[in-house]
Amino acid sequence: MRILNPYDEQGTWYRGSFHNHTNNSDGWFPLETVYKMYGDYDFLAISDHDKITNVEGKRKIPTVFEAIEVSSRKSHMLLVQPPHTMMENYTNEFTIDHYQKYADATLDHGGICVLVHPNRYFSNFWTLEDMMAMERYTGVEIYNGDGNIEYDIAFDKWDALLTAGRKVWGFGNDDSHVYGQEKQAWNMVLAEENTQEAILQAIKEGRFYVSTGFGFESIKCVGNKIIIDLKSNELLDKMYKYVTLFGSGGRVLHEVTGRTRHIEYECQGDEGYVRISAYIEGGYAAFSQPLFLEKD
Ligand SMILES: [Zn+2]
Ligand SMILES: [Zn+2]
């Protein structure tokens, strides 16, 4: 058996969100206010509805990305680093072909494509059927912090896609529109350096995890064993943790609770994939990408 571990690389952890709005669409604040709200982030994308907002402006954030949220009346799709040519005769009409065309244009342009808030029940969700019909995209927004987190969590659809053999990464974003929505969910990216190219490259290779306040120090593989070190310091080590490893079908492979910071799991070979979710007292969490298992 072979375990494909995306975290098996050197680098620095960078924090950022790819899905945020300004008053160029339905956000409340101008770009410079949004930049201040995220002043300590390492990277940020501005993703207004159906518009590529110009990201030039006064800011402390080292790396910013142009983005767009293609926002039909049905499902929404986030494109980071989209080509400007897609704005010629732009429409947000929802058909799989039309969405795939924009996704392909962005991926071919070096960007990424994320199907966002798939479980938002009142509107703008994704059916699993449509997510399966889309052929090429980077990932799924598994945690959207737009104030509605009880239904903007999509582990069920992510597990269904992974179980069907789709290699799609999980993203966490604020989808911020107003004060109070900032810094609810973000991505910790293990990249060589903090540049657009290095961040996007790491994302495409799955070298990131989703955080709502907790984290991983490292995820390593030795032989058939997955070795997880949780974020650790004197305070965190005293707190209670709830760590679950999930495999194909969303089945629970292994669970550890207690004041732990180190977990080991011996793969049996039939897991399909292994993904890790770690909660700490208070509910803050970290969600890893899947480590796919390949049979020899
Ligand atoms: Zn949306
Ligand atoms: Zn949005």
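Mentor: A helix here is a DSSP run of H or I with at least four residues, a strand is a run of E with at least two, and both are numbered from the N terminus. Just after helix α2, Gly 110 takes a positive phi of about 90 degrees. This is a predicted model, in which local features need pLDDT of at least 70 and side-chain atom pairs count only at pLDDT 80 or more, while totals for chains, interfaces and linings use all residues. Residues are numbered from 1 along each chain as its sequence is written, chains are lettered from A and ligands numbered from 1 in the order in which they are written, and side-chain values use heavy atoms, with hydrogens and water left out.

Trainee: How far does helix α2 reach, and what is expected of it?

Mentor: The expected span is 1.5 Å times one less than the number of residues. Helix α2 (residues 96–108) has 13 residues and reaches 18 Å from its first C-alpha to its last, close to the 18 Å expected.

Trainee: What makes His 19, His 21, Glu 69 and Asp 175 donors to the zinc ion (ligand 2)?

Mentor: Donors are N, O and S atoms within 2.8 Å of the metal (3.2 Å for Na, K and Ca), and sites may look incomplete because water is not among the atoms. The NE2 atoms of both histidines, an OE of Glu 69 and an OD of Asp 175 coordinate this zinc ion at 2.0 to 2.2 Å. Glu 69 also bridges to the zinc ion (ligand 1), 3.5 Å from ligand 2.

Trainee: Why is the arrangement around the zinc ion (ligand 2) called irregular?

Mentor: Four donors count as tetrahedral if all angles lie between 85 and 135 degrees; four count as square planar and six as octahedral if opposite donors are over 155 degrees apart and all others between 65 and 115; anything else is irregular. The 4 donor atoms here subtend angles of 83 to 169 degrees, and the arrangement is therefore irregular.

Trainee: Why is Ser 218 called buried, and what does Ser 218 touch?

Mentor: Buried means under 20% relative accessible area, exposed over 50% and partly exposed in between (1.4 Å probe, protein chains only). Ser 218, in strand β11 (residues 216–222), has 16% and is therefore buried. Contact means heavy atoms within 4.5 Å; not counting residues up to four places away in sequence, Ser 218 touches Ile 227, Ile 228 and Asp 229.

Trainee: How do you know whether Tyr 179 is buried or exposed?

Mentor: The relative accessible area of Tyr 179 is 52%, so this residue is exposed. Tyr 179 lies in the loop between β8 and β9 and, leaving aside neighbours within four places in sequence, is in contact with Phe 29, Thr 33 and Met 37.
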